Amino acid sequence: MDGNLEISLDKLPVKRLDAIEENGAERYPPDSSYDEKGVSLIRRIDFAWAVEDDEERERKKKQKKSSKDASAAWQWQSMVENLQLAHQELSVIIDLINTVEANDAVTVAGMTRPKPLPNEVLSDLAVSAATKLQCYRQLGKYFKQSAKAFKEQIAWEARFYGALIRLQQNWKVKRQRVAASASSNEGFTIDLFDNSLYDLAAMCRPSSLSTIRVEHDSAGMLAINLTPNSCRSLHFGFLGVHSADIPKNTSKIRTHGSVEQRIRESEKESISDDDYVKETHTLLREVHQSIFNDQVFEMLNREAFNQSVGVNVTGIRENYLQLSIGQGNTLFISLMPSNKGDNQDSADTQNLESAIVPSHSFDTENKWVFPNRTSCEIYLQQIFHENAFVKEKDKPNLSGTQASGQSGKVEPSLLGHRIFSSIVLTELENVVCRVPYLHLMTHPTWHSRTSSWTVFMKVPQSILHAESQSPKSDFQNMKEAIKSQFRTKVVLNDDRINVEGEGAPNVVGLFKSSENICSVNKYECDLADLPVIILLQVASQVIYWLHEEALTVGIKTNRDFLCLTFELEQGETVSLVAHVNPGDIKGGISWWLVMEDGFAEDWKLQMDMHDGASDYRKFLGHLTLDVLYSTSMDLVSMCGGGRNH
Amino acid sequence: MNKGTGVGTGPTAAAAAAAAQKQKTMMQRVETDIANIVDNFTQLVNVARVNDPPVRNSQETFMMEMRAARMVQAADSLLKLVSELKQTAIFSGFASLNDHVEQRTNEFNQQAEKTDRMLARIGEESAASLKELESHYYSSAQRTADTE
């Protein structure tokens, strides 16, 4: 309040005459009730002074502020002040109304909003419009976020289902109709078990790897997670033979596994979807192969205990089977994880090999006798595939036990045959190497249990040329009838050796009138007798040839099994005798010259005794065919020159 | 998708009827969702007018938020429908699957034949090479000199 005090004077509370009517009645103003008095008093309150004070205060404040730095004014300051003023007015009015209502003197009859000023109308409209605009903007943001999320989901689904469709073209994808909202894989699985094995399915237990769950990885792409070392591969080997190719096998498979691991661990996003699907295909194929290997191993386990097959189980462990087949050969078959390290794998193999004593030790020189490990593994898998899959499809009536029984029999027979065939080949080569005029030729039979070789004895070309240049034309016709090479055929069926040779005399030849027919002998023999048989056959062929050569020059000789006898003048005989000794290092066939009758005494005087030969025999040594031919021609000439024609 | 291609007799009749029913349901869902989206969007646009009482604006704000949420939910429902269709395509596209399987089978058979021929050829060549090498070796001067 300022210094000027305003005083208002009230009239005295005396009833004053209000009006006098003509009839003299006096009218006084009505008596106001207590409430009316209060109301009139309130009405007389004048708030103008307060309002003026406030306005003056505001003006002063504004002046103060404008005198300060105007650029530092807060942009919301005026609004704040207006709000404060409004708040003040409102609080005063509310207090007044509350006081009035509390006193029950007056009640608020109604409050009418003051008519807004145009600028207030526009500002209200602006506020509303701004609010609505803000609301729409928020909606727009919300829609954009949702659209982005939907796009990501579409892209994710496109990747996932695209990959799944591509996988489905090669693999069996199944869907589990369960509430998979909590899990991340939506119930897809890939079934790798082959239910076409009708009989084996009943016997085989499905592998734990048969059903693979399809899951999502962090990028939303489908992922297949396998436990490490879950894929196993088949390993085959012969005990006592340290194969150098163990690391090669594991390294080959390990490369595959390490590639897979590397892709999983790092730089996954940089690989395109195509590559990822290809890698997944590869992984599934590995699992499929592992299941196949498990089935092969199971088949072997079943068949190994079948006594009719011909193998004996000499050792068994988890995922390891040791068998002995044939003549003391021991082999092992094991299932090993494909992802094992090199050292670990070879160490395990060596531990297994050394832990079990082999039936007999093999020299390292003989290790090449054994078939190749990889070829045996492939053959095992092929047997199982043919008997389990192909036969089931082609002949549905064929029982599974019969098929598997056949498969079981084939495998040890094949291995035994191959080992034995290598041994037979060794023997043949030993024989052929020592005799210079023998050639060995291998005949591939394309049959897994039959092997065939031919031992050729070839007449040297020098002899053939020399004879062809002979002026005796009629002998050339005979020359065509003389063989220039003789054969001895060796056939191995399973473990039976058959030798078939020509040139040796036999019962059939005795009854044949013509001596030009070269008879053929056939017989079986053992491995130990094979070198002797071959050498005997060759020696008889040489004798036959010399006999024929002598016949061409018109000299008739007597031919025995290993002896060619020339009749000389005066009744004496000279014989070329072949001596066969497989253990002779210098050569298997050596020759003796045996004289009989008239020459005996002369030879007795002339012969040296220190070579150990008898008086009637002279050791000629290991002769080549050239020397033999010239020797026989010399003997022929000794038979008499007149007998040539 | 071979749905509604015709009603057969026998065991496929039930399957065809079920497929037709499923197709009808899906179409209804599609129509519902799209109608939902259109309707809500129309309402959103309609309340763009600024009214005098601010309380009405607030009321409209809440309504707009609700309609936007409904639109997003309808869109999500459509996406799920698309997922279902994809899954159905995966598991019911037998024609294309069979074709593909046959094609792969033929490819593998051809590859098997080719491999067999190649193996036979390799066998023949190796047999010929073996024969040649053996004849060369056994008639070579080196061997003859060794044995003498």
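Is Glu502(A) buried or exposed? I began my notebook with this residue, and I found that Glu502(A) counts as buried because its relative accessibility is 12%, where buried means under 20%. I kept in mind from the start that this is a predicted model.

**Entry on Glu502(A).** I looked up where this residue sits and found Glu502(A) in strand 15 of chain A, which covers residues 496-502. I then looked up its distance to Val538(A), and I noted that the two are 36 residues apart in sequence, while their C-alpha atoms are 9.0 Å apart in space.

**Entry on chain A as a whole.** I looked up the secondary structure and wrote down 16 helices and 21 strands for chain A. Chain A has 645 residues, and buried residues make up 37% of them. For contacts in chain A with a separation of 6 or more, I noted that 63% are between residues 24 or more positions apart. The exposed area of chain A is about 38,500 Å², and carbon and sulfur atoms supply 53% of that area.

**Entry on surface patches.** Which residues form a positive surface patch? I found Arg59(A), Lys60(A), Lys61(A) and Lys64(A) in it, and I followed up one of them, Lys60(A), which has its place in helix 2 of chain A, residues 48-67. Lys60(A) counts as exposed because its relative accessibility is 53%, and the cut-off for exposed is over 50%.

I also looked up a nonpolar surface patch of about 420 Å², which is made by Ile42(A), Ile45(A), Phe47(A), Val51(A) and Leu96(A). Of these I checked Ile42(A), which lies in helix 1 of chain A, residues 34-43, and which is partly exposed with a relative accessible area of 35%.

**Entry on salt bridges.** I reminded myself that side chains of opposite charge can pair when their charged atoms come close. How many salt bridges are there over all chains? The count comes to 13, and I looked up several of them one by one.

In chain A, I found a salt bridge between the side chains of Glu21(A) and Arg27(A), with 3.4 Å from N to O. Glu21(A) counts as partly exposed at 35% relative accessibility, and Arg27(A) also counts as partly exposed, at 45%.

In chain B, I found that the side chains of Arg29(B) and Glu84(B) meet in a salt bridge, with 3.5 Å from N to O. Arg29(B) lies in helix 1 of chain B (residues 11-46) and Glu84(B) in helix 2 of chain B (residues 54-92), so this pair ties together parts that are 55 residues apart in sequence. I noted that Arg29(B) counts as partly exposed at 29% relative accessibility, and that Glu84(B) is partly exposed with a relative accessible area of 32%.

Next I looked up Arg121(B), which forms a salt bridge with Glu125(B), and the closest N and O atoms of this pair are 3.5 Å apart. Why are Arg121(B) and Glu125(B) separated by about one helical turn? I found that they are four residues apart in helix 3 of chain B, residues 94-138, and therefore about one helical turn lies between them. Arg121(B) counts as partly exposed at 43% relative accessibility, and Glu125(B) counts as partly exposed at 45%.

My last look was at a network of salt bridges, in which Lys132(A) is linked with Arg56(B) and Glu60(B).

Notes: Residues numbered from 1 in each chain as written. Chains lettered and ligands numbered in written order. Predicted model: local features only at pLDDT ≥ 70, side-chain atom pairs only at ≥ 80, totals over all residues. Heavy atoms only, no water. Patch = residues over 30% accessible without salt bridge, like charges linked within 9 Å, V, L, I, M, F, W, Y side chains within 5 Å. Areas by Shrake-Rupley, 256 points an atom, 1.4 Å probe, with all protein chains shown as cover. Salt bridge = Lys/Arg side-chain N within 4 Å of Asp/Glu carboxyl O. Lys, Arg positive; Asp, Glu negative; His and termini not counted. Charge placed at Lys NZ, Arg CZ, Asp CG, Glu CD. Helix = DSSP H or I, 4+ residues; strand = E, 2+ residues; numbered from the N terminus. Buried < 20%, exposed > 50% of the residue type's maximum accessible area, 1.4 Å probe, protein only. Contact = heavy atoms within 4.5 Å.
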